[in-house]
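Work through these exercises with the structure open. Try each task before reading its solution.

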Amino acid sequence: MVALLTTMIIGAQGVHQVQLTLKSGDVKLYDVDQLKSIEYMGDRVAVTQQQTIQDIYDALVTKVSFIKKQEGGQDAVIDNGCAEIFEARGWQESAYVKWHETTGAVGYHVFIKGEEYEQWTKIDPQLIRNYGTYLRADVVGLRPGRYAMKVEPVFVGDVTPTCGASFASEMVVRAYDRSGFAHFNYDKGVGAYNNDGTLKSNAVVIYVTSANAKTVKARLSSGEFTGLQAIVNAYQKGNVTTPLAVRFIGTIKAADVDSFGSSEEGIQVKGKNADSELNITFEGIGDDATIHGFGFLVRNSKSVEFRNFAVMRCMDDGISLDTDNSNVWLHNIDVFYGKHGSGDHAKGDGAIDVKSDSKYVTLSYCRFWDTGKSNMFGMKSESGPNYITYHHNWFDHSDSRHPRIRTMSVHAYNNYFDGNSKYGIGVTSGASCFAENNYFRHAHDPLLSSKQGTDARGSGTFSGEDGGIIKSFGNLYRETGGSSYYQPITWQQNNTSFDCYEATTRDEQVPASVKTLAGGTSYHNFDTDPSLMYTYTPDAAQDVPAIVTGYYGAGRLNHGDCQFAFNNAVDDTAYDVNAALESLIDGYKTALVGIYGEDSGQGGDEPGGGDQGGGEVTPQPEGTIFCTFDKSGTPSNDFFTVVGNGSNSKGTATIDGETYDTCLKMESSTNITFTLAKTMLMTLYFGDQETASIKVDGVKKTSDNSTYSQTLDEGQHVLTKADSRNLFGIKLEPVE
């Protein structure tokens, strides 16, 4: 027996881990490349690792199996020049590179090459960010394949250094998993992207930051719009057909946004009529994009995607699909606590909810961090069935609703239920759920049907509504501690009062005679009807924890920048607010220091950009910076980005003894943005017959004469109208 197991281990190098299942339901994992042998001696199992460490199990092991090991990303091949690249990888339809600051550099150009980019192609400057101790660039919208990235520091006077560019090659980019109902019979690509990962034709890209969420602009098919909510609102009239990629950089807080279309949720995404095709993607750049203090409400919308960002302390729901939506795809999102409330709202309300006749939705690869009420699918008014897919999500010590389903038909497969204190999947009101190849680790009440089975043991565990039917196949229940509340009651065990019907094969139909105890409804069998069901390949249930927690698993890229380790001994059964996690998210601050190209907000023709016309990194000039305007409002110095109208009939201004007769009119639509690399003194010159009045970064400033001066810190600044005035000049002087 020893020789047999040793041979199996040698032949299982690609499988990566050996799993021992114990009588208690616990599992023990060993990396194959660290094992020397596994010996059976009667009921005794001895595991010897390469370092001669031996674990002995006396009459405890019930099964030995081989499973996948948690997968890590493939590091790029790095060839450094001036910039010291220290990390580079491909991910899912994206790639990134990180490097240390180059002495003397005032900026950086970053290029990508591979697949559709046959030549080195410059990326949008907004994708290049400064995190204080290092710099980082991400490229999104990539086809699967192999890529290389190049980093070139920019020096004053465009001096070309002898050390040359730095390269990261052999960056492997994978496709996002598009399995599920969101893409069923919809081959156009959900959101702003095609199914091959690239942007749709003529897509518009906007970069949204804390500094520009109120002022970011987008030119859509019906005109130009300013501010995040205003841009999204442009789709409500039904005359905008432009695909839109909204890219979040860093942390965006509620106070940063121009307005909210929903007073309860936050940003409202709404079409003119039911299922209006919008083609909008909301996505985070890198591993730190975070929405803080608000969420999203989606109505009357078709072809909308949310991906790769975190939601913290949302007002009500993190994302609510409410009323007549279809073909919506939510994936790789980290959901943390919402707004603190009383009772069952202590952790907030819903994390992600789907209701009011929303259908053809996929929720995948999301991570729920101790959320209280994780997902509700269906209210009471739906006609049903509304088809929803739920796969490869990580319920990381979340409490309940994984999901709670009314009326809808849901396929829940390959999800990782990891220490859930209340219940897993719950069905009511005639809903049908196919629960397939999920992994339940110490999950209390993993499968529930209202008023029957486990729910009928007391006064009602989770609902007083009529029941629904769960078809179960291939699910694993681990670390149950022997409690019956960690194993479902099957129809085969009790034909009257049961939690689920345990199928013998994936394609087995549930007999019509299998009905709910309350309501008398039967299973829909949607999953065995090819006209209703998509094609997919489920992973083995035993591999789910490694897949979901791996590099290409649930949550943001690299599992995000906000990390927390739960204590299973305590947190598996706890459902109160975790004080340590709460403290972490309430004290969370992005490490982001600056963004190259932040003054634009617009994506260019570079990789990942649309048709907005971006710009390159512009180093800040040395010494004094001075700007005037011509009669059309165009600035004399391209250090400033100006939106507004000029005039040559508004009088004159005297600046340093010289008279100027053209100006920029400060109107409601006027906007001047610029970014300082160091602290400087700003002086603004208005008409000689005027008193100064202007808003600096949203705050009104005035003086008793025609000039106004203020010291500005490094970072982006915005000048807008306070009162009707005429601005003739701007001077920026270094502060010694």
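**Exercise 1. Strand β16**

Task: Find how many of the residues of strand β16 (residues 204–208) are buried, and which way they point.

Solution. The model is predicted, so keep that in mind throughout. Start with the cover. Five of the five residues in β16 are buried, and the strand is mostly covered. Next, sort the side chains by direction. V204, I206 and V208 point one way. V205 and Y207 point the other way. A general rule fits here: in a regular strand, side chains alternate between the two faces of the sheet.

**Exercise 2. The partner of β16 and the sheet**

Task: Name the strand that five bridges join to β16, and say whether the two run parallel or antiparallel.

Solution. The partner is β19 (residues 244–248). The two strands run parallel. For one matched pair, take V204: L244 of β19 stands opposite V204. Now widen the view. β16 and β19 belong to an open sheet of 11 strands. Its order is β16-β19-β22-β25-β28-β31-β34-β37-β40-β43-β45, with parallel pairing. The edges are β16 and β45 (501–502), and each of these pairs on one side only.

Move along that order to β28 (residues 326–331) and β31 (residues 359–364). These two strands pair in the parallel sense over five bridges. Look at W329: T362 in β31 stands opposite W329.

**Exercise 3. A hairpin**

Task: Which strand do six bridges join to β8, and in which sense do the two run?

Solution. The strand is β9 (residues 94–100), and the sense is antiparallel. Check one bridge: R89 has Y96 of β9 as its partner. Then look at the turn. The hairpin of β8 and β9 has three residues between the strands. In this hairpin, E93 takes a positive phi near 55 degrees.

**Exercise 4. The disulfide**

Task: Identify the cysteines that form a disulfide, and find its handedness.

Solution. Use a cut-off of 2.5 Å between the sulfur atoms. The sulfur atoms of C82 and C163 lie 1.6 Å apart, and these two residues form a disulfide. The count comes to one disulfide. Now turn to the S-S bond of C82 and C163. Its torsion is about 85 degrees, so the disulfide is right-handed.

Next, place both ends. The pair links distant parts of the chain, 81 residues apart. C82 is in the loop between β7 (77–79) and β8 (84–90). C163 is in the loop between β14 (145–154) and β15 (166–173). Finally, compare cover. C82 is buried, with a relative accessible area of 13%. C163 counts as partly exposed, at 42% relative accessibility.

**Exercise 5. Cysteines in no disulfide**

Task: For C366 and C627, find the nearest cysteine sulfur, and decide whether each residue is buried or exposed.

Solution. Begin with C366. The nearest cysteine sulfur belongs to C314 and is 13 Å away; C366 is in no disulfide. C366 has a relative accessible area of 0%, so C366 is buried. Repeat the steps for C627. Here the nearest cysteine sulfur is that of C663, 13 Å away, and C627 is in no disulfide. C627 is also buried, at 0% relative accessible area.

**Exercise 6. T628**

Task: Where is T628 found, and which residues does T628 touch?

Solution. T628 is found in the loop between β47 (625–627) and β48 (641–643). Its relative accessible area is 14%, so T628 is buried. Now list the contacts, not counting residues up to four places away in sequence. T628 touches T634, P635, S636, Y660 and F728.

Conventions:
Residues are numbered from 1 along each chain as its sequence is written. This is a predicted model: local features need pLDDT of at least 70, side-chain atom pairs count only at pLDDT 80 or more; totals for chains, interfaces and linings use all residues. Side-chain values use heavy atoms; hydrogens and water are left out. Helices (H or I, at least four residues) and strands (E, at least two) are DSSP runs, numbered from the N terminus. Buried means under 20% relative accessible area, exposed over 50%, partly exposed in between (1.4 Å probe, protein chains only). Contact means heavy atoms within 4.5 Å. Two strands pair if DSSP finds at least two bridges between them.
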